[in-house]
Amino acid sequence: MTARKRLVAILQNGGLAIYAIFALFPLLWMFILTFKSDAEMLTTTFVFTPTLINYEQVFFYSDYLRYIRDSFIVSTGAVLISVLAGVPAAYAFARYSFKKKETIAFQILSFKFAPEILVVLPLYMLYRQMGIYDTYLGLIWVYQLISMPLIIWVVRGYFEDISVEIEHAAQVDGYPWWQIFLKVLLPLIKPGLVSSALLCFIFAWNSFTFPLLLAGIKVEPITVAATKYLAQSTVHYGQMAVAATCSALPSIIFAVVIQKHLVRGLSFGAVKG
Amino acid sequence: MAKIELINVTKRFGKVTALKNVSLEIHDKEFFVLFGPAGAGKTTILNNIAGIQIPEEGVIKINGEIVNQVDPAHRNVAMVFENYALYPNKTVYDNIASPLRSPMYKKDEGYIKNAVMKAATLMKIDMLLERLPSQLSNGQRQRVALGRALVRDPNVFLLDEPLAHLDAKLRNLMRGELKEMQHNFATTSIYVTHDFMEAMSLADRIAIIDKGEIIQVGVSDEIYYMPKNQFVAQLMGDPEINLLACELVQDDRGFTCVWEEAPYHPFRLPEEPELFKRFKALEDNKVHLGVRPQNTHYHFEPVDGSIEGTVYSFETIGNKSVLTAQIGNSHVRTIAPNGLPVKLDQPIFVTVDIARVILFNGVTKEYIGRYDEADVMKLVEEQKSESSKEAGENHG
């Protein structure tokens, strides 16, 4: 009995370990590349002379920090607007009954269905005509397609789980509506709001198609800018690896920090106990 | 402390009319019970008084002022919700303190501490103040919800089935405490229940509600002994009242009542001028004889005036039992002591205490009368003056 249990445990952990190596190896490989000089890039695997020349090149002789700043501005802006508009929308979907409610809710969700590449060309034409091509506003706007549906649907589930009597009780207790929202409802939806907002941030940060076609000259998020290290004649793998590694850091840090809330936060509101 | 008035209040939800032309007047310091079956509109009345819902028609007045346009925060009402509606992320202390921290009823923290401790001690939850609602039993949550209402000095307490989810022992205990508390606080209270024991024992006056309409308002004895119609009679009382479908037959000696299940044994109705006058005014000769189970008696041998039937069931309900006899296609419930040696389907003989019956119109199901109406009226008057005297004492 115990021997069998132990065997199962070994097999399970062995399987997980293999999967972890499989999943993490590309990241490790990328990390190793950041310390290789161009000369050693293709001739060595694990044994080489480590150098910081790539970091120096990226941070001091390119516009890397500007790209990061652009990514940060559009991603944060997108999430902020999604939260500010999405939370009231989610409340309306959860509490009020109005005509075509479910149709509209589904419509919002369906924004996530279409492949980005499918809508991006018409959007490009529109953006050129509206004069928001290659602007922060333009990117923040289009990122709503990525972040808004997620926030609305997760937060709606949370609102639906809060019994309406709690709001009534707060009214009777003497609170005006905005204080009920901030003091009573917001703490209750916080887990869902935080996890979905952070997930949206990661999605927006990683977005490639939209910034590639709707921006790229004045506004350059890091996902698009990273391709600049592929020059005409030479490819600076080392510098690209540095750029990629550093730009993946915010996502990784967020994912690790919220990991505990992430799964629970996203499923808690939706699944009725 | 306030008088609450509802004048022709109608509330609709889409096509459903939840309240139809409801008019009520709740006196200052009164303990008023709204009683009715599930879905009758009891909670809707509370929500309309609290301002959580606004009626489509009619006027709601608190202390003579029309409050239709006043939001809940400014009506100064305290409400206990059926599902407690505690703030799940706040401790018991913060839950109870919540009204005193709102912009409307703002108090300093020193005052809050005293008030919360006082309410918590009263509700016997002072040792739970640091806990979250999820760490409490239903009975404790219920008391926190009551505490949150009691911590204030509102115009009116609105209590929505506050004891419904408690176990029997705690319910009996809390019932006594609630009545005592209301007496001490001397605040108008409106209490919703579907438990007739609660309604009878707590109420200064009871309003019976069904399908969004007020059926009858009165002191408990009035409603128990002189129900306005069969519905009220069936609602008030456990085991339920027996209703015997009879035909009223006039002969030279007065009236007899012929029960369709036992036509061979007509009930002779004793002479009573007022009642006979009402009989004569009836358009139809169909009446329903309402007999409470305690006014029907069983015998194992035939006695004078008994009707034969068989034992249909014998259920023990606590300190007494209900013996149901089958006569024809009807069932007649009687009260019996526990442990009575009866077998199912054995013959049984039932007599009816005719002086205690309540007569209903067989067609409209409305109340016609009863023999001891004068005595009941005297009782009712006593009860009324007692409750108004109580209110007067509280004034002083």
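# A tour of chain B, starting at strand S7

Begin with strand S7 of chain B and look at its two faces: B:Val156, B:Leu158 and B:Asp160 lie on one side, B:Phe157 and B:Leu159 on the other, and all are buried, so both faces are covered. Keep in mind that this is a predicted model.

Keep residues 156–160 selected. Because 5 of the 5 residues of this strand are buried, S7(B) is largely enclosed by the rest of the structure.

Next, add residues 77–80 of chain B, which form strand S6. This strand and S7(B) run parallel and are joined by 4 bridges. To find one contact point, select B:Ala78, whose bridge partner in S7(B) is B:Phe157.

Now add strand S8, residues 188–193 of chain B. S8(B) also pairs with S7(B) in the parallel sense, here over 5 bridges. For this pairing, pick B:Asp160 and B:Val192, which are bridge partners.

What connects into a unit with S7(B) and S8(B)? Select helix H5, residues 168–185 of chain B: together with the two strands, this helix makes a right-handed β-α-β unit.

Then zoom out and colour chain B by domain, with domain 1 at 4–229 and domain 2 at 235–377. The centres of the two domains, taken over C-alpha atoms, are 38 Å apart. Where they touch, 10 residues of domain 1 of chain B are in contact with 12 residues of domain 2. On the domain 1 side, helix H7 (residues 220–225) of chain B supplies the largest share, 4 residues. That side of domain 1 is made up of 7 nonpolar, 1 polar and 2 charged residues.

Technical notes:
Residues numbered from 1 in each chain as written. Chains lettered and ligands numbered in written order. Predicted model: local features only at pLDDT ≥ 70, side-chain atom pairs only at ≥ 80, totals over all residues. Domains from an automatic or database assignment. Contact = placed C-beta atoms within 7 Å. Nonpolar A, V, L, I, M, F, W, Y, C, P; charged D, E, K, R; others polar. Buried ≥ 20, exposed ≤ 12 C-beta atoms within 10 Å, placed from the backbone. Pairing = 2+ DSSP bridges. Right-handed = clockwise from strand over helix to strand, strands pointing away.
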